[in-house]
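Biologist: Could you put the model up and take me through it? I would like to go place by place.

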Amino acid sequence: MASTFPHPLPVGWFALAYSDELKTDEVQTVTALNSELVLFRDADGAPRVLDAYCAHLGAHLGVGGEVDEGCITCPFHAWKYDGTGQCVEVPYGHTPPNAAVPSWPTCERNGLIMAWHDPDGGAPTWDVPEIPEATSPEWSDPQRFEWTVRTHPQEIAENVADSAHFRYVHGTKNVPSTEAVFEGPFRHSRNPVNLDTPKGPVDGEVVSSAFGLGLVTVRYKGICETLQVGSVTPIDDETVVIRKSFTQERVDGKNPEGGVAAAILRNVVSQLEQDIPIWEAKIYRDKPMLTSGDGPIMPYRRWARQFYPGDD
Ligand code: FES
Ligand SMILES: [Fe+2]
């Protein structure tokens, strides 16, 4: 039988939490990227991500560990690690110079805390761009949705290139034409849309950008200006967490409510819920049988190969 998820976990930036979920002096445990991780803030407030297991006798730093002046103290024998994972203090003995736990490159941007995943330990090769609306006071408070799905990031990102499924899974009136532009680790596309709203069908445009396989922005234009920040984080080889955070341009200083504003969110959420059973049951065809109306599936796959550098 063809393999369900033949790809390893991709290289790139992946969301571990929303910024407002990680308070100062708090330790959070995150299971993601085939790893057990701890998340905390250093003395400057910057998020840090370390492997969870202590270099000493392997206690889990997230189970009773405490943050002290931006360092994390192990709950078992109080060895203390800084944000780079270096052990900086053993309170009852000498500090072995090599005592350290692996640390992950981390960034906090657009309301998300993200970690750079590279199984070979390489440094980040690109930055997560700033998305101005995501943190702008002119835009509404975020509305968030989250799903755990049995699939791989490769499959989720392929959805945008798969033009025909919009007609048959999501019930769009036609098969949309998808123009995709590939730019290094980024991919941009633009689609006209026709959205059913309580006030009848509305024409608009959807502009979407992917930053690797872990982060997308989708802008719904011409309807009720809406930004979706979507992230996909692999938990293990066959499970992902999908987060979607929506913000909408405020009108007269107020959050847009009801009507078209709510219809856009409902539409995106229900589309995702239509995709989930298909993703969870499908296999990955490495050499698919394609037809003329299919979208740019193979260009998408060629672009995605850069995220599996060891896989050639
Ligand atoms: S196991 Fe962490 S200090 Fe001993
Ligand atoms: Fe879809």
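Modeller: Bear in mind that this is a predicted model. I would start at N110, which is buried, because its relative accessible area is 8% and the limit for that class is under 20%.

Biologist: Where in the fold is N110 placed?

Modeller: N110 sits in the loop between β10 (106-109) and β11 (112-117).

Biologist: And which residues is N110 in contact with, leaving aside its neighbours within four places in sequence?

Modeller: With those neighbours left aside, N110 is in contact with V128, P129, E130, I131, A134 and T135. With I131 there is also a polar pair, in which a polar atom of the N110 side chain lies 2.6 Å from the backbone nitrogen of I131.

Biologist: OK, changing topic to the metal. What are the protein donors of the iron ion (ligand 2)?

Modeller: The iron ion (ligand 2) has as its protein donors N159 through OD1, H165 through NE2, H170 through NE2, and D275, which is listed twice with an OD atom; these donors lie 2.0 to 2.3 Å from the ion.

Biologist: How are those donor residues spaced in sequence?

Modeller: The spacing for the iron ion (ligand 2) reads N-x5-H-x4-H-x104-D. The pair H170 and D275 links distant parts of the chain, 105 residues apart, with H170 in the loop between α2 (163-168) and β13 (179-183) and D275 in helix α3 (residues 259-281).

Biologist: Are H170 and D275 buried or exposed?

Modeller: H170 is buried, with a relative accessible area of 12%, and D275 is buried as well, at 6%.

Biologist: What about α1, why would you call it largely enclosed by the rest of the structure?

Modeller: Eight of the nine residues of α1 are buried, and therefore the helix is largely enclosed by the rest of the structure. The buried residues in α1 are P153, Q154, E155, I156, A157, E158, N159 and A161, and N159 is also one of the donor residues of the iron ion (ligand 2).

Biologist: Last topic, then: how many cavities of 30 Å³ or more does a search of the whole structure find?

Modeller: The search finds one cavity of 30 Å³ or more, and the largest cavity holds about 30 Å³ of space.

Biologist: Which residues line the largest cavity?

Modeller: Its lining is made up of V160, A161, T178, A180, R187, S189 and P296. The elements that give two or more residues to this lining are α1 (153-161) and β14 (186-197). By class, the lining has four nonpolar, two polar and one charged residues.

Methods:
Residues are numbered from 1 along each chain as its sequence is written. Chains are lettered from A and ligands numbered from 1 in the order in which they are written. This is a predicted model: local features need pLDDT of at least 70, side-chain atom pairs count only at pLDDT 80 or more; totals for chains, interfaces and linings use all residues. Side-chain values use heavy atoms; hydrogens and water are left out. On a 1 Å grid over the protein atoms alone, a cavity is a set of points where a 1.4 Å probe fits but cannot get out, and a pocket is an open set with protein on both sides within 12 Å along at least five of seven lines; lining residues have an atom within 4 Å of a point. Grid points are joined across faces, edges and corners, and a volume is the space filled by probe spheres set on the points. Helices (H or I, at least four residues) and strands (E, at least two) are DSSP runs, numbered from the N terminus. Ala, Val, Leu, Ile, Met, Phe, Trp, Tyr, Cys and Pro count as nonpolar, Asp, Glu, Lys and Arg as charged, and the others, Gly among them, as polar. Donors are N, O and S atoms within 2.8 Å of the metal (3.2 Å for Na, K and Ca); water is not among the atoms, so sites may look incomplete. Buried means under 20% relative accessible area, exposed over 50%, partly exposed in between (1.4 Å probe, protein chains only). A polar contact is a pair of N or O atoms within 3.5 Å; within protein, one must be able to donate a hydrogen and the other to accept it, and residues adjacent in sequence count only if both atoms are side-chain atoms. Contact means heavy atoms within 4.5 Å.
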